[in-house]
Amino acid sequence: MPKVTYFHEITFEDIPEGQTLLDVSIHHRIPHLHQCGGQARCTTCRIQILDGLSHVSPRSPLEEKVASERGWDEFTRLACQTHVHGDVVVRRLLDNSQDIIVLDLEELHGGSAGEGKELDLAVLFSDIRDFTTHSEQNLPYDIVHMLNRYFTAAAEPVLNNNGFIDKYIGDGILAAFGTRDESPETACRNAVRAALGMLEAARRLAPTLEQQFHVPLHIGIGIHFGTAILGRIGHPGKRQITVIGDTVNTASRIESMTKEFATPILLSDSVVSQLPGALQLDPPFAVPLKGKTAPMQLYPCRGFTVPDTIFLVQSSFDNLVPRAAAFGERFYANLFDTYPELRPLFRSDLTAQSKMLMSILSSAVKGLNRMPEIVGGLRALGKRHQEYGVSRIDYDKVSRVLIRTLEEFLAEEFTPEVQHAWRTVYGMIAETMIEAAEN
């Protein structure tokens, strides 16, 4: 029987001949992105065949269409369409949202990105206030450690909201929203949502950096919407996709004003005009910016006027990530204490089951901005749960236990608004899975 090796990971033997590589991953609980549920309607399950190309099936017509559009070589395949007939060695190509966006830019905008393409983008620039001054008292190794801790936390809200991280500039982050053909309103909302998430991330990390390195963590964020050029820039031997133009420069200059006006988030009028009535704004002020002939209206932003479901779920989930293992264990302890009849539906290895739970929650949270793309994955998950013996009423039981466990872990942060957001999101996910199982 065939043997499948995940490069630098693990080998599985006795694979049923004809099984797809995605099915191999799912069966053996290997985290493998597949937003469309294995329907060849996305490319998130793509893999690279490192050895054994002759031991897998030819491309299906659906996969051939995708590969042709994106200019793939013969070794790049969709795991959901690739059937195993012998020993193969594979490497998963996508691990996170940034990977998806970067590869989409490279493949879908391949020719135009090399030549330069104009896009309407919301550009976000963030910076740590007075970091250079405060970091002088620390060793270089500590400075790198601090920045990596901060970038890990602050970049997550950007990636979760379809943002493309263009580059890290010292202690700053330059990100663009709208590279995936989103509407101007969606791009600006995602940028604001990311900014609010970055503030939350900095707030959670600040006590640690203050205690360990005596460095206060305060950030400023400027956002501007306008036309920018997407292109591959640099020496022919090392070029990278980047955004350039006046919109980028303006976002940087807006951020520089956050310290002067003692506000963490400043938006340009072009951002605010795309989200009429949606934002909590302080009175604007007119500011002369370098390179601008007239003063620019800038708006301090405190959040959304109506609680934003996606932001509330994302920010509260980020709070759970450092305690993911404990959360998963507690969830199943609560579930089986309350509903012991559900215990036979789960495998005996609850450690692996807890990891799978958090992986599913993470994928759902990261995909809230791309619901049309992840519906297929949720439907496939619903059909698998039906095979396990899960019924409609079981989803309600899980909902009640999930809410209770979230309340235990989030404590005072589990406000009525956050609870409502989680109920809404879980209800949407559950109904998609149930519908697939019953049809």
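**Internal cavities and the packing of helix α10**

About 30 Å³ of space lies in the second largest cavity of this predicted model. The search of the whole structure that located this space returned two cavities of 30 Å³ or more. Pro 157, Asn 161, Gly 197, Phe 311, Gln 314, Ser 315 and Asp 318 form the lining of the second largest cavity. Sorted by class, these lining residues comprise two nonpolar, four polar and one charged. Helix α10, spanning residues 309-320, supplies four residues, the largest share of this lining.

The largest cavity holds about 40 Å³ of space. Its lining consists of Ile 128, Phe 131, Met 146, Leu 147, Tyr 150, Leu 209, Val 215, Pro 216 and Leu 217. Here the class count is easily told: nine nonpolar residues, with no polar and no charged ones. Helix α6 (residues 140-160) gives three residues to the lining of the largest cavity, and this is the largest share.

It is worth returning to helix α10, this time for its packing. Two packed helices are described by the angle between their axes and the distance between the axes. For α10 and helix α14 (residues 392-410), the axes come within 10 Å and cross at roughly 65 degrees. An angle of 65 to 115 degrees counts as roughly perpendicular, and α10 is therefore roughly perpendicular to α14. The crossing of these two helices, α10 and α14, is left-handed. On the α10 side, the residues that meet α14 are Ser 316, Asn 319 and Leu 320, and their counterparts in α14 are Leu 406, Phe 409 and Leu 410. This contact of α10 with α14 brings together four nonpolar and two polar residues, and no charged ones.

Helix α15 (residues 416-438) is another partner of α10: the two pack at an angle of about 100 degrees, and their axes lie 9 Å apart. With that angle, α10 and α15 are likewise roughly perpendicular to each other. From α10, the contact with α15 draws on Thr 309, Leu 312, Val 313, Ser 316 and Phe 317. From α15, the residues involved are Glu 417, Val 418, Ala 421, Trp 422, Thr 424 and Val 425. By class, the contact of α10 with α15 contains seven nonpolar, three polar and one charged residues.

Taken together, these results place α10 in several settings. Ser 316 of α10 takes part in the contact with α14 and also in the contact with α15, while α10 residues contribute to the lining of the second largest cavity.

Key: Residues numbered from 1 in each chain as written. Predicted model: local features only at pLDDT ≥ 70, side-chain atom pairs only at ≥ 80, totals over all residues. Heavy atoms only, no water. 1 Å grid on protein atoms, 1.4 Å probe; cavity = no way out; pocket = protein on both sides within 12 Å on 5 of 7 lines; lining within 4 Å. Points joined across faces, edges and corners; volume = space filled by probe spheres on them. Nonpolar A, V, L, I, M, F, W, Y, C, P; charged D, E, K, R; others polar. Axes fitted to C-alpha atoms, helices over the stretch in contact; angles between N-to-C directions. Parallel < 35°, antiparallel > 145°, perpendicular 65-115°, else oblique. Left-handed = near helix turned anticlockwise from the far one by under 90°. Contact = heavy atoms within 4.5 Å.
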